[in-house]
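Work through the exercises below with the sequence and the model side by side, and try each task before reading its solution.

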Amino acid sequence: MAGTAKMNELGNFLKTCRGEISPGEAGLAGGVGHRRVAGLRREEVAQLASISTDYYTRIEQGRIRASAPVLGVLADVLKMDEDQRSYLFSLADKPATRSPRRGAQKVVPQLQRVLEDLTTTPAIVMGRRMDILAWNDLAAAMMIDFGAIPAAQRNYVRILFTHPTMRSLYADWDTAAQTAVAQLRMEAAKYPDDPKLTSLVGELSVQDHLFAEWWAGRTVKSLTTGTKTLRHPTAGELVLDWDTLVEAHDSEQSLVVWTAAADSPTGEALRFLAAWSTERKESAGVPAEGDKGIPG
């Protein structure tokens, strides 16, 4: 098959594949607006793949040759099986590649013990993509019941953008959310071929115009330290310093803690919140805290 014919066939093949993926299967919650045909629109595929709609359109129209990494992401977005992936790369005259599969993360035992010992300090363990791997009771009482969120959706940035509780909790949600997007972009630099991260970015870009705008801004920020003000419905205003401690034996796991001076109003509020949380659990007959290490 000649070069031009191959490029045209590649485009037609992509078009066929996107027509076979429903918005729901792609994680788009049904898509946006009236749909004349089944399947994904070009702009939706582009957003899920974190490329421009114009770039994807030129690939599908056979007007440009896509790189192997882009083809790999498109294969992941369109949920191609091994035969389809091999055919796609064959049409592009490129060796078929697949991003290395990383095993599911589980919080390391040392961090789990630290979490359980922190009774008056809210803390969570973050993994790759800012997934939340574990948390203590006070973090759940201060922010949101992480245990009620499906494990596959337990990502800090996703929760920040999709749960109304989080939007009302932060006194300055816009700044907190922009910072989180900048931190997620740093994660994207560490794991450029991670299909789960690509899918997360695409999904949030489609669902929230602010995420799409801030992601396109390409601001970056490390997950280190900072200060946040929360408006908690029970404990009142909390002005918290947060710090990130990287696990010595697994740099892909970090302990994030929120603290305040013991004699400050926030320090007193945290002690009240800890007691309130314990009382609620006891009155509800909740068993003693166990291992909250969650594969991610």
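**Exercise 1. Decide whether Arg 129 and Arg 218 are buried or exposed, and state where each of them lies.**

Step 1. Arg 129 has a relative accessible area of 6% and is therefore buried, where buried means under 20% relative accessible area, exposed over 50% and partly exposed in between, computed with a 1.4 Å probe on protein chains only. The model is a predicted one, in which local features need pLDDT of at least 70 and side-chain atom pairs count only at pLDDT 80 or more, while totals for chains, interfaces and linings use all residues. Residues are numbered from 1 along each chain as its sequence is written, and side-chain values use heavy atoms, with hydrogens and water left out.

Step 2. Arg 129 sits in the loop between β1 (123-126) and β2 (132-135), strands being DSSP runs of E with at least two residues and helices runs of H or I with at least four, numbered from the N terminus. Although Arg 129 is not a glycine, its phi is positive, at about 65 degrees.

Step 3. Arg 218, also not a glycine, has a positive phi of about 60 degrees. Arg 218 belongs to the loop between α12 and β3 (225-232), and with a relative accessible area of 57% it is exposed.

**Exercise 2. Describe how α5 is placed, beginning with its buried residues.**

Step 1. The buried residues of α5 include Arg 85, Leu 88, Phe 89 and Leu 91. They cover an arc of only 160 degrees around the axis, so they lie on the same side of α5; the arc is that of the directions from the helix axis to the C-beta atoms.

Step 2. On the face turned away from this buried side, α5 carries the exposed residues Glu 82 and Asp 83.

Step 3. At the N-terminal end, Asp 81 caps α5, with a side-chain oxygen 3.1 Å from the backbone nitrogen of Asp 83. After α5 comes Asp 93, whose phi is positive, near 60 degrees.

**Exercise 3. Find which parts of the chain are tied together by the salt bridges of Lys 6, Arg 42 and Lys 281.**

Step 1. The whole structure holds twelve salt bridges, each a side-chain nitrogen of Lys or Arg within 4 Å of a carboxyl oxygen of Asp or Glu.

Step 2. Lys 6 and Asp 93 meet through their side chains at 2.7 Å, N to O. Lys 6 is in helix α1 (residues 3-19) and Asp 93 in the loop between α5 (82-91) and α6 (109-117), so this pair ties together parts 87 residues apart in sequence. Lys 6 counts as buried at 17% relative accessibility, whereas Asp 93 is exposed, at 51%.

Step 3. The side chains of Arg 42 and Glu 60 form a salt bridge at 2.8 Å, N to O. Because Arg 42 lies in helix α2 and Glu 60 in helix α3 (residues 53-60), the parts that are joined are 18 residues apart in sequence. Arg 42 is partly exposed at 26%, and Glu 60 is buried at 5%.

Step 4. For Lys 281 and Asp 137, the closest N and O atoms are 2.9 Å apart. Lys 281 lies in helix α13 (residues 265-284) and Asp 137 in helix α7 (residues 137-142), so the pair ties together parts 144 residues apart in sequence. Lys 281 is partly exposed, with a relative accessible area of 21%, and Asp 137 is partly exposed, with a value of 21%. Salt bridges that share partners also join Arg 18, Arg 42 and Glu 60 into one network.

**Exercise 4. State which residues line the largest cavity and which element gives the most to the lining.**

Step 1. The structure has one cavity of 30 Å³ or more, a cavity being a set of points, on a 1 Å grid over the protein atoms alone, where a 1.4 Å probe fits but cannot get out; lining residues have an atom within 4 Å of a point.

Step 2. The largest cavity holds about 100 Å³ of space, and its lining includes Met 126, Tyr 156, Lys 228, Trp 242 and Trp 258. Two or more lining residues come from each of α10 and β5 (254-259), and α10 gives the most, with four.

Technical notes
A polar contact is a pair of N or O atoms within 3.5 Å; within protein, one must be able to donate a hydrogen and the other to accept it, and residues adjacent in sequence count only if both atoms are side-chain atoms. On a 1 Å grid over the protein atoms alone, a cavity is a set of points where a 1.4 Å probe fits but cannot get out, and a pocket is an open set with protein on both sides within 12 Å along at least five of seven lines; lining residues have an atom within 4 Å of a point. Grid points are joined across faces, edges and corners, and a volume is the space filled by probe spheres set on the points.
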